[in-house]
Amino acid sequence: MARNYFSYGTKFLLDGLEHMVKSSDHREIVVEIIKYKQIKSILLTDLEEAWDEERLVFQDVTERASKIKSDLNQLNEKEKASIKFKLDVLKPVIDGNYHKINLDEYLRTLREVKGFKVSKATFYNWKRLWERYGDARFLLDLKPGPKSRQTEKEVMDSLERIMDENLYSGEKIIYRQIYRLYKDSIKNVNELRNADQKQVLRSFQTIWRILREKRDLYRQRAARDGYVAAKLERDGSKSMSEKPKRPLQRVELDWTPADIYIVDPKNLERKKPWLVYAIDVFSGEPLGFYITLEHPDTFAIKQCLLHCFLPKVYLKKLYPEVQHEWTSYGIPKELVIDNASQNDSNDLEEIFNYFGIDPLYPEVQAGHKKGTVERGQKTFNDILHTLRGTSFSNIYEKKQYDSKGKACITLQAFYYIAHIIFVDIISHNWSHSRMGGTPHQIWEKAFADDPSLIKELPFSKKEITLALCEGREKRIIQNKGIMLEETWYTSDELMKLRYRLIQNGDEHTQVVIRFDSSNVKKVYVENPYDKSFIEAYIDPNRMQDFEKHYDVDPTLPLPFQQMKAICLSEGRKRRAFDDTHVVNALKNIKKIQNDQLKDKRNQYKQTLSKEAQIIEGLALQSFDFENLGEPENPDTLHYIGELSEAEINKKKKENYGQKRPIKTDVKTMVGSKPKNEVEQESNIYEDLPMYGVSQLGV
């Protein structure tokens with residue numbers, strides 16, 4: 001995390017305009033808009049919010065920020081070794097003891113004891129980079145080293161690889177075996193080289209001396225005895241009871257199961273979440289937290305540290321029910337962390353080294369040495385005991401209470417509740433163990449009273465998120481974007497990258513996806529060509545489905561574990577659905593196809609016969625007597641009798657002999673119509689065939 005702060009001379013871009021800081025205090029910054037030569041004052045909180053929304057970018061004077069590898073996993077072993085070497089050399093600077101040493105004597109000691117050959121000019125260059133950025137990634141050389149082949153360098157490269165694979169795993173290793181592995185590697189290399197290019201095989205005594213000088217004894221002992229014992233052996237006994245004098249001097253981090261069951265709103269499954277929590281020891285101010293449904297691991301701790309490092313300017317926008325502000329953020333100098341297996345990881349050790357954090361590990365069952373965070377966790381759980389679904393702290397308190405049956409809070413809502421607890425109930429509540437007011441007041445007063453305390457920000461939120469975020473997956477970019485847990489993410493830049501992959505014949509290449517597990521509305525996709533990261537956003541239609549079917553609030557962050565639970569629920573429903581009727585449907589389709597194949601051989605006789613029957617049926621059904629209904633005025637009509645068949649035939653013969661309608665005396669119908677209309681209507685039967693039906697008549 002490159003450390004930038006709003007001090008005199010700092011330049012930054014805000015909404016596309018270049019600004020330069022003229023003066024500052026802990027709340028307000030006076031800046032000059034360079035283009036217009038205009039002086040104005042801006043609140044520090046407004047600048048922090050602009051940085052969080054990525055509208056503010058600090059000036060990259062050395063142009064190193066755009067060239068470093070944001071993702072620590074992009075660093076190869078050689079680069080990591082180079083960074084580690086420089087951090088060892090700069091240890092007095094990092095620890096704040098540079099003014100206490102004689103530089104010439106210090107460099108001579110490094111050369112004689114550890115074999116580190118560093119000039120004063122090189123030391124000052126590294127020191128300047130560390131003081132400017134405070135981030136070990138910026139110490140990495142941007143230009144490649146000499147390409148000439150050196151035998152000594154090849155020997156060291158081979159030995160470093162062998163040491164990494166054999167010395168630091170914890171098992172006992174015989175150094176003669178390492179020498180055998182070294183000989184085998186030289187043999188394999190020389191088999192592929194000409195006689196004048198073969199490597200010289202060094203003696204066992206030479207290799208032993210190199211191993212003794214270059215091995216990382218701390219790392220070797222840590223793998224076998226644990227980091228606490230190794231650190232105690234390296235640094236000696238260090239008291240942890242000394243009270244810190246300023247914010248961020250010491251921060252305690254721990255995790256605990258939350259005493260409550262949360263519920264998946266769709267399948268009603270109940271789970272107990274874990275709380276990873278960090279607190280500033282000086283002020284008692286909560287610094288950051290992370291909630292997970294799985295047992296906390298290295299990634300969960302990194303997610304909590306990410307929340308600690310970043311300003312909480314999102315608070316009023318996302319959680320309006322929180323009454324107060326949350327102003328604490330920053331990188332701790334010392335981090336008291338539990339002596340657990342999760343913390344004995346290379347990933348965490350790299351984070352601590354890169355950001356200048358000194359981890360302190362209490363002994364096993366020494367909870368009193370991180371009592372601040374444990375008291376904070378107890379306060380958090382005590383509040384949970386008042387909510388529906390609480391599991392209480394033990395079975396004696398729970399008694400017959402049905403914790404799972406009464407659970408009603410979702411993961412997204414639990415994040416909301418956690419913010420209210422940490423801000424309104426802990427941060428802005430009176431501190432009983434400290435003098436000076438609430439933790440928030442103590443924190444703010446310390447920054448106001450000490451001008452040397454300056455809040456530091458990375459170059460961008462994206463850069464620090466990539467360095468610490470938990471999520472890491474690999475996917476192929478498809479025409480709809482990237483899929484993560486059955487959810488699509490896309491953007492214009494992502495589609496441009498896909499088209500470039502297609503042009504280069506790399507369309508099946510899997511790309512790395514990084515994401516903040518506390519909010520997966522946005523992910524970062526690695527460009528395999530230049531190692532930069534492209535932003536991709538969640539499909540809005542998917543968010544609407546989450547809101548409609550799972551009560552997900554689209555205005556709040558979407559935790560990855562909640563999205564994962566939703567997708568698992570949908571998968572279980574799909575698997576449980578009885579779709580055996582599809583088998584019968586496919587059989588029926590095949591049967592129709594086979595019948596048609598048979599009919600084709602008979603010139604479709606059966607099909608034509610069925611068509612004729614259908615047409616005849618339609619013709620017979622086209623006239624429905626029932627739908628005729630009754631006459632509008634049934635009282636105007638009455639039955640007066642009917643004619644015999646002989647009389648009808650006689651009348652018909654008479655009508656055929658007339659050129660104009662016959663005026664007959666036969667009264668077929670007597671009604672309210674005029675006589676001439678009745679006569680005209682009596683002739684409507686002349687052109688109709690006779691089917692043995694009778695007519696009405698006298």
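In the predicted model, the largest nonpolar core comprises 107 residues, within which F6, L253 and F355 have the most contacts. Helix α17, spanning residues 411–427, supplies the largest share of this core, namely nine residues. A second core of 24 residues is separate from it and includes I513, V525, M543 and M563. Such grouping can be set beside a general tendency: in soluble globular proteins, nonpolar side chains tend to be buried together. The surroundings of L253 can be listed in detail: when residues up to four places away in sequence are left aside, L253 touches V276, Y277, A278, I301, C304, L305, L335, V336, I337, D338 and V373.

With regard to the chain as a whole, 26 helices and 18 strands are assigned, and 41% of the 698 residues are buried. Of the contacts with a separation of 6 or more, 66% are between residues 24 or more positions apart. The exposed area of the chain is about 40600 Å², of which carbon and sulfur atoms supply 51%.

The aromatic residues form 22 pairs by the ring-centre criterion applied here. In one of these, the ring centres of F289 and W326 are 6.3 Å apart and the planes lie at 10°, so the pair is classed as stacked, the angle being under 30 degrees. This pair links distant parts of the chain, since F289 belongs to strand β10 (residues 286–292) whereas W326 lies in the loop between α12 (315–318) and β11 (334–337), 37 residues apart. Both F289 and W326 are buried. F289 also forms a tilted aromatic pair with F422, with 5.0 Å from centre to centre and 40° between the planes. Here, too, distant parts of the chain are linked, F289 in strand β10 and F422 in helix α17 being 133 residues apart, and F422 is buried, as is F289. F289, W326 and F422 belong to one aromatic cluster together with Y277, F380, F414 and Y415; of these, Y277 is also among the residues touched by L253.

Charged side chains are likewise found over aromatic rings: R176 lies over the face of F204 at 3.9 Å from the ring centre, while K272 lies over the face of Y261 at 5.9 Å from the ring centre.

Helix α22 (residues 560–576) contains 17 residues and reaches 24 Å from its first C-alpha to its last, close to the 24 Å expected at 1.5 Å a residue. The buried residues of α22 are F560, Q561, Q562, M563, I566, C567, S569 and G571, and M563 is also included in the second nonpolar core.

How values were computed. Residues are numbered from 1 along each chain as its sequence is written. This is a predicted model: local features need pLDDT of at least 70, side-chain atom pairs count only at pLDDT 80 or more; totals for chains, interfaces and linings use all residues. Side-chain values use heavy atoms; hydrogens and water are left out. A nonpolar core is a set of buried Ala, Val, Leu, Ile, Met, Phe, Trp, Tyr and Cys residues joined through side-chain atoms within 4.5 Å. Buried means under 20% relative accessible area, exposed over 50%, partly exposed in between (1.4 Å probe, protein chains only). Helices (H or I, at least four residues) and strands (E, at least two) are DSSP runs, numbered from the N terminus. Contact means heavy atoms within 4.5 Å. Accessible areas come from the Shrake-Rupley method with a 1.4 Å probe; for residues, only the protein chains shown count as cover. The expected span of a helix is 1.5 Å times one less than its number of residues. Rings of Phe, Tyr and Trp (its six-membered ring) pair if their centres lie within 6.5 Å; planes under 30 degrees apart count as stacked, over 60 as edge-to-face and the rest as tilted. A charge sits over a ring if NZ of Lys or CZ of Arg is within 6 Å of the ring centre and within 35 degrees of the ring normal.
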